[in-house]
Amino acid sequence: MISRILGFIRDMLFARIFGIDSGTDAFFVAFKIPNFLRRLFAEGAFSQAFVPVLSDYKEQGSQQALKLFIDRTAGTLSLILFLVTVVGVIAAPVLITVFAPGFSGEGKQHELAVQMLRITFPYLFFISLVAFAGGILNSHGKFAVPAFTPVFLNICMIAAAIWLSPLMTDPIVALAWGVFAAGIVQLLFQFPALYKLGLLPKPRWGGKDPGVKRILKLMLPAIFGVSITQINLLLDTLIASFLAAGSVSWLYYSDRLVEFPLGIFGIALATVILPSLSKSHAADNPVEFSRSLDWALRLVLLIGLPASIGLLILAEPMLSTLFQYEAFGADDVVFAGKSLMAYSIGLLGFILVKVLVPGFSSRKDMKTPVRFGIYAMIANMGMNIALVFPLAHAGLALATSLGAFFNASLLLTKLLKDKIYKPGKNWANLLVKIIFANEMMALFLYLCVDTEQWFAWSALDRAVNLAMWIVLGAIIYALSLLIIGIKPRNFLSK
């Protein structure tokens, strides 16, 4: 929560200082490439492959064997990341051409993006090791330190925007240096917690270690299976680089608002459930495994659906309140609002994918999510082409949302078909009641919120009204749930 709130402050600052132009588009691409690779390899494939193997060592091996495995994994991962980082820095011009081909015709924009990518790419090295450390801590029930770590990214970028950017020829380049510094700070922050557990790694090469080999073998298919949403978002950026100037930034700001509930709830739930599922599988307890999945899916429905509806109805008021200052105009709010509405439709799908993939990866089944992920990516590419012409950048966002639901439906169907997941009692009743409560909330917000006058209000008026409608919407939703018999204690435990 702290990290996401600081993230909003960061983005509000960016919108106020830098606005939306070809320079901001260049930075968001330069930041998105290492961030994409981080989510793909570190938080995605590596975490999903590492945590189940680590759980096996915890459950079945000695502390000494666990420490040796961690040391060898750290050494192997560090060497691979170092080599990838060197290649990435050297090949920055090629990467910008591949990920944002529309920049190639804009000499200054392309050069600026290349310059910033060379500064931000080492972030991949540091943040991947942060994910490795976080996997160790999470598997030992220490969730606070890994959860708080992203706060430092926002602090470093805010500091760079305020104090470093005025000193630079191209002020936007300061943000790239903020990203670089954040990687180092985040890694150092993990060390004391690892030292306390007696698991601070002493890196050593482990290419022949059986545990390391298992991780590398599991990682290859997991790359697609767990991070398909990120690949689709990157495809959006690629196509958006050919659209009107500002399209990349409009998608960025709308994606940031979707990332708020996804990060606070979806990723947090997936992070907590993976060690639980891995432990149940290692202990050969399919009943507890299914019960954990069922508990997570009920929470997804309870929280994810109202969050999706709230974002859809309050899209423009939120963007206006958070970002419409100085260089970020009313037109930017309207255009970003279109893509936010499209992304909000898929929020539930994004969260479902985050929660369902651990149902496979915890059992070391990486091939199934890969296969489904490829299907979803192909479908997303087809929908991108079909929707970008009538809806421009919003069509790209809508295609990503529909692709997430397609991926989630494939994953859930497979878990049900193989009887890995057996739904608990009263699902149909729960579904009807939650839909009813969401209808009450949606009707209330739709009838009461006047979005037309929002742009004319002062910043304070916008903030007060937005907070009021969010709180009132949540109250209407909660009261509707209580009236029809759904109580918080039904979701507090598995």
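**Helix pairs and the nonpolar core**

In this predicted model, helices α19 and α20 cross in a right-handed way. The two, spanning residues 427–448 and 459–483, pack at an angle of about 150°, and their axes sit 8 Å apart. Angles over 145 degrees count as roughly antiparallel, so that is how α19 and α20 run relative to each other. On the α19 side, the contact is made by Lys433, Ile434, Ala437, Asn438, Met440, Met441, Phe444, Leu445 and Cys448. Helix α20 brings in Trp469, Leu472, Gly473, Ile476, Tyr477, Ser480 and Leu481. Sorted by character, the residues of this contact come out as 12 nonpolar, 3 polar and 1 charged.

Another pair is formed by helix α1 (residues 2–18) and helix α8 (residues 151–164), with an angle of about 20° and axes 9 Å apart. Since angles under 35 degrees count as roughly parallel, α1 and α8 fall into that class. Their crossing is left-handed. Among the residues making the contact are Leu6, Leu13 and Phe14 of α1, along with Ile155, Met157 and Ile158 of α8. Here the split is 14 nonpolar, 3 polar and 1 charged.

Then there is the core. The largest nonpolar core takes in 144 residues, and those with the most contacts inside it are Phe27, Met116, Tyr253, Leu257, Phe323 and Ile434. Helix α2, residues 22–60, gives the most to this core, supplying 15 residues. Ile434 also turns up in the contact of α19 with α20. As for Leu257, its contacts beyond the neighbours within four places in sequence are Phe8, Leu311, Met318, Leu319, Leu322, Phe323 and Leu340.

How values were computed: Residues are numbered from 1 along each chain as its sequence is written. This is a predicted model: local features need pLDDT of at least 70, side-chain atom pairs count only at pLDDT 80 or more; totals for chains, interfaces and linings use all residues. Side-chain values use heavy atoms; hydrogens and water are left out. A nonpolar core is a set of buried Ala, Val, Leu, Ile, Met, Phe, Trp, Tyr and Cys residues joined through side-chain atoms within 4.5 Å. Buried means under 20% relative accessible area, exposed over 50%, partly exposed in between (1.4 Å probe, protein chains only). Helices (H or I, at least four residues) and strands (E, at least two) are DSSP runs, numbered from the N terminus. Contact means heavy atoms within 4.5 Å. Axes are lines fitted to C-alpha atoms, for helices over the stretch in contact, and angles run from 0 to 180 degrees between N-to-C directions. Angles under 35 degrees count as roughly parallel, over 145 as roughly antiparallel, 65 to 115 as roughly perpendicular and the rest as oblique. A crossing is left-handed if the near helix is turned anticlockwise from the far one by less than a right angle, and right-handed if clockwise. Ala, Val, Leu, Ile, Met, Phe, Trp, Tyr, Cys and Pro count as nonpolar, Asp, Glu, Lys and Arg as charged, and the others, Gly among them, as polar.
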